[in-house]
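Student: Could you go through this one with me? I'd like to start with the strands and then move on to whatever else stands out.
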Amino acid sequence: MKKFIFLLSGILLSTSTVYAQMTLEDCLIYAREHAHANAINRLETEKAEMSTRIAVSNLLPYIGFNFNGNLSFGRNIDPETNTYDNKQTLSSGLSLNLSLPLFDGLVNFNQLKATKTAAQRRKEAYRINADKISFTVIESFYNVAYCHALVNQMKGALHRDLQILKSTETGVRAGIKSEADMADMKALIASDEYELTNQQNLLAKAYMKLKFDMGMEATSDSIPLDFNLSSAFEPGTAASSYTYIHPEIREASLGVKEDRYYLRAARGAFFPRLSFTAGISTSYYKMLGSDTGVSHFSQQWHDNMGQYLGISLTIPVFTGFSNINKLKRAKLNLRQSQEKLRETEFRIDKEKAEAAFDLSSANKEYAAAKARLEAEQLAFSATSRKYELGAASAIDLYTASAKLSVAQATAQGKQIQIIIKKIVFDYYLGKPLITDYKNIK
């Protein structure tokens with residue numbers, strides 16, 4: 001019973017850990033561990049490491065054990081008289097062989113180096129794909145934040161307009177406002193309720209996408225999130241410079257290194273191969289139904305025992321142009337990987353410059369959106385005051401309210417855009433997306 005209670009408490013603890021208020025980094029860590037694409041990439045990394053172990057086996061000795069048994073009947077050759085007869089014979093043999101490559105032009109050695117490099121390259125590819133998934137989670141996370149802000153904004157607008165509706169009702173009773181103003185205000189309230197419902201549906205859909213990107217069950221249920229936009233929002237700032245090589249450049253560099261090892265292995269195929277062999281064998285023979293005396297099993301096993309040692313030298317003379325074409329292909333692969341490295345370096349420099357430009361542009365756009373928001377707030381306040389005094393209609397108030405809502409949504413979107421653009425720019429400078437994660441070395 002105690003064990004059951006302890007197990008149950010552990011399950012509840014793990015559940016509360018997953019569904020506690022999650023920051024952006026918590027979401028990224030969860031996605032790194034649970035997203036299906038990351039799980040597939042981890043398996044690809046393990047397969048690359050397994051290929052390295054297979055390559056190591058080519059450098060180790062090969063030991064083979066062979067046993068055979070044979071029962072012959074019908075017309076066979078008598079080993080004593082070397083003539084055909086119809087006697088049945090029973091024979092068996094056993095051998096133990098060892099083969100050790102001494103020199104093969106360093107083909108297996110370079111292939112081992114290549115597979116080790118390929119395993120490192122696969123790890124870099126895992127990091128690249130994991131970072132791409134992280135960027136997807138970041139966009140989904142802040143999309144939820146944006147939709148959440150719009151829902152709160154629409155709730156505030158609905159509450160504000162309900163207060164104006166009450167004052168309009170009071171004005172109608174006092175004879176200051178008309179029934180047309182009351183109808184227009186009710187239409188404005190209906191519009192606010194529609195927009196609130198629409199934004200709530202968009203928020204539920206945003207939650208669904210975020211959970212799917214993280215590897216959670218994609219339901220519309222919300223999860224408690226800590227957006228903390230005030231600390232994440234630092235307009236006009238960026239991370240300091242890091243000593244950093246982008247993962248895609250590292251992956252492309254390892255591709256060049258891998259193909260260079262394969263080129264060396266292709267050249268080594270033209271060298272002679274030297275190997276050492278050793279073995280031991282024995283056999284047993286008996287003619288069934290014969291009166292001829294046959295040594296018993298243990299005696300024959302001992303008398304027929306044989307051992308051998310050998311050195312084998314193989315010189316490739318003509319291989320059907322196979323080695324030559326493999327060498328040419330290895331050279332082409334190396335040239336291709338070198339060109340890919342140059343293209344990757346050029347593209348990353350361009351993306352880094354674009355990230356800096358996007359961050360600068362986002363700051364300017366936010367400053368303009370903020371100024372517009374302040375102007376629309378003043379305009380709405382003035383229109384609202386005029387409406388109270390009877391100098392403006394409900395349609396004027398509706399127009400001012402719509403403009404204010406658009407300005408608020410634009411300013412909120414530009415603020416979140418700055419946060420995302422800053423994360424992207426800092427990433428190109430070398431700041432990791434997850435500051436503390438066990439699998440990120």
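Student: How many bridges do β5 and β6 pair over, and is the sense parallel or antiparallel?

Tutor: In this predicted model, β5 and β6 pair in the antiparallel sense, and nine bridges hold the pairing. To give you one position to look at, Ser281 stands opposite Gly306 in β6.

Student: And how many bridges join β4 to β5?

Tutor: Strand β4, residues 88-103, is joined to strand β5, residues 273-288, by 15 bridges, and these two strands run antiparallel. You can follow part of that ladder through Ser99, whose bridge partner in β5 is Thr277, and through Leu100, whose partner in β5 is Phe276.

Student: What's the strand order in the open sheet?

Tutor: The open sheet has four strands in the order β1-β4-β5-β6, with antiparallel pairing. At the edges stand β1 and β6 (306-314), each with a single partner strand, so that one side of each has no neighbour in the sheet. From one strand to the next, the twist averages 20°.

Student: Let's look at Asn70. Where does it sit, and is it buried or exposed?

Tutor: Asn70 lies in strand β1, which covers residues 62-72, and with a relative accessible area of 38% it falls in between, as partly exposed.

Student: Which residues does Asn70 touch, leaving aside those up to four places away in sequence?

Tutor: Asn70 touches Thr89, Leu90 and Ser91 once those sequence neighbours are set aside. For Thr89, the separation from Asn70 is 19 residues in sequence and 8.0 Å in space, taken from C-alpha to C-alpha.

Student: Switching to helices: what span does α3 reach?

Tutor: Helix α3 runs over residues 36-57, which makes 22 residues, and from its first C-alpha to its last it reaches 32 Å, close to the 32 Å expected at 1.5 Å a residue.

Student: Which residues of α3 are buried, and where do they fall around the axis?

Tutor: The buried residues in α3 are Asn38, Asn41, Thr45, Ala48, Thr52 and Ala55. Looking down the axis of α3, you find these buried residues within an arc of 85°, so they line one face of the helix. What covers them includes α2 (24-34) and α4 (107-174).

Student: And what's exposed on the other side of α3?

Tutor: On that other side of α3, the exposed residues are His36, Ile40, Leu43, Lys47, Arg53 and Ile54.

Student: New topic, the aromatics. How many aromatic pairs are there?

Tutor: The count comes to six aromatic pairs. In the pair of Phe135 and Tyr427, the ring centres are 5.1 Å apart and the planes stand at 90°, and since an angle over 60 degrees counts as edge-to-face, this pair is edge-to-face. The pair links distant parts of the chain, with Phe135 in helix α4 and Tyr427 in helix α10 (residues 394-429), 292 residues apart.

Student: Is Tyr427 buried or exposed, and what cluster does it belong to?

Tutor: Tyr427 counts as buried, at 7% relative accessibility, and ring pairs link Tyr427 with Phe135 and Tyr428 into a cluster.

Student: Last one, zooming out: what does the whole protein come to in helices and strands, and what share is buried?

Tutor: The secondary structure of the protein comes to ten helices and six strands, and buried residues make up 37% of its 441 residues. Among the contacts between residues at least 6 apart in sequence, 82% join residues at least 24 apart.

Definitions and conventions:
Residues numbered from 1 in each chain as written. Predicted model: local features only at pLDDT ≥ 70, side-chain atom pairs only at ≥ 80, totals over all residues. Heavy atoms only, no water. Buried < 20%, exposed > 50% of the residue type's maximum accessible area, 1.4 Å probe, protein only. Contact = heavy atoms within 4.5 Å. Expected span 1.5 Å × (residues − 1). Arc of directions from axis to C-beta. Pairing = 2+ DSSP bridges. Axes fitted to C-alpha atoms, helices over the stretch in contact; angles between N-to-C directions. Phe/Tyr/Trp six-rings, centres within 6.5 Å; stacked < 30°, edge-to-face > 60°.
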